[in-house]
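Let's take a walk through this model together, going from the overall layout to individual side chains. Keep the 3D view open as you read.

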Amino acid sequence: MSMQQPMSMQQPMAMQQAIPPMVSSGDLMTPSGTITGLPQEQSFIENILRLNIGKVGTFYMTYENNSEWNAKVFRGKIEAAGRDHLIISDPRTGQRIMLLMVNFDYATFDEPLNYQYPFRETESTEEQ
């Protein structure tokens, strides 16, 4: 007796999905050989904070189920920002504080913020 799977249960090679190769710029190459542009940055909080490293802000955080304090305010200069954390430093003492983004409510700044729109402009021009 043969232990082979019936033909209907085998997946043909043409049906298998392959991930498009990336080129040195980080863009993806399509099967036709064209390169598709991907957004450089996206408008996520950590990216906006990274664009404003060195600026002083006030950061409002909430800590649920905390018996000592439920909300806390931190003021400091942005040193670094990651997907799940923010590092600020107290301008007076230089003390570094790492804040978790899960507790982040909002921030205020006394100066304009740097903000780049997340998508590249298309290079093709439309004739009107």
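**A walk across the sheet**

Tyr60 stands opposite Tyr106 in β7, and this facing pair is a good place to start in what is a predicted model. The two residues belong to strands β3 and β7, which pair in the antiparallel sense over five bridges. Strand β7 covers residues 104-109, while β3 covers residues 56-62.

Before going further, a word on confidence. The chain averages a pLDDT of 76, and 57% of the residues score at least 70. Over residues 13-17 the pLDDT is below 50, and this stretch has one contact in the model beyond near neighbours in sequence. Residues 122-128 also stay under 50, with zero contacts beyond four places in sequence. Where pLDDT is low, the predicted coordinates should not be read in detail.

Now let's step back to see the sheet. It is an open sheet of five strands in the order β6-β5-β4-β3-β7, with antiparallel pairing. At its edges are β6 (96-100) and β7, each of which pairs on one side only. From one strand to the next, the twist averages 45°. Strands of a sheet pair through backbone hydrogen bonds, either parallel or antiparallel.

On its other side, β3 meets β4 (residues 71-81), again in the antiparallel sense, over seven bridges. Here Val56 stands opposite Lys77 in β4.

Towards the other edge, strand β5 (residues 85-89) pairs with β6 in the antiparallel sense over five bridges. These two strands form a hairpin with six residues between them. In the turn, Gly94 has a positive phi of about 80°. Within the pairing, Leu86 has Leu99 of β6 as its bridge partner. In a regular strand the side chains alternate between the two faces of the sheet. In β6, Ile97 and Leu99 make up a covered face, and Arg96, Met98 and Leu100 an uncovered one.

Let's return to β3 and β7 and look at their rings. How many aromatic pairs does a search of the whole structure find? There are three. A pair of aromatic rings is described by the distance of the centres and the angle of the planes. Phe59 and Phe109 form an edge-to-face pair, at 5.9 Å centre to centre and with 90° between the planes. This pair links distant parts of the chain, since Phe59 lies in strand β3 and Phe109 in strand β7, 50 residues apart. Are these two rings buried or exposed? Phe59 has a relative accessible area of 0%, so this residue is buried. Phe109, at 19%, is also buried, because the cut-off for that class is under 20%.

The tyrosines we began with make another aromatic pair. The ring centres of Tyr60 and Tyr106 are 4.3 Å apart and their planes lie at 10°, so the pair is stacked. Like the phenylalanines, these residues link distant parts of the chain: Tyr60 in strand β3 and Tyr106 in strand β7 are 46 residues apart. Tyr60 has 24% relative accessibility and therefore counts as partly exposed. Tyr106, at 44%, is partly exposed too.

Beside these aromatic residues, take a look at Ala107 in strand β7. With a relative accessible area of 26%, Ala107 is partly exposed. Ala107 and Tyr60 are 47 residues apart in sequence, yet 6.0 Å apart in space, C-alpha to C-alpha. Not counting residues up to four places away in sequence, Ala107 touches Thr58, Phe59 and Tyr60.

Moving along β3 brings us to Met61. At 1% relative accessibility, Met61 counts as buried. Which residues is Met61 in contact with, leaving aside its neighbours within four places in sequence? They are Asn70, Ala71, Lys72, Phe74, Leu99, Leu100, Asn103, Phe104 and Asp105. With Asp105, Met61 is 44 residues apart in sequence and 5.3 Å apart in space, C-alpha to C-alpha.

One of those contacts, Lys72, leads to our last stop. The charged end of Lys72 sits over the ring of Trp69, 5.0 Å from its centre.

Technical notes: Residues are numbered from 1 along each chain as its sequence is written. Side-chain values use heavy atoms; hydrogens and water are left out. Two strands pair if DSSP finds at least two bridges between them. Helices (H or I, at least four residues) and strands (E, at least two) are DSSP runs, numbered from the N terminus. pLDDT is the predictor's confidence in each residue, from 0 to 100. Contact means heavy atoms within 4.5 Å. Axes are lines fitted to C-alpha atoms, for helices over the stretch in contact, and angles run from 0 to 180 degrees between N-to-C directions. Rings of Phe, Tyr and Trp (its six-membered ring) pair if their centres lie within 6.5 Å; planes under 30 degrees apart count as stacked, over 60 as edge-to-face and the rest as tilted. Buried means under 20% relative accessible area, exposed over 50%, partly exposed in between (1.4 Å probe, protein chains only). A charge sits over a ring if NZ of Lys or CZ of Arg is within 6 Å of the ring centre and within 35 degrees of the ring normal.
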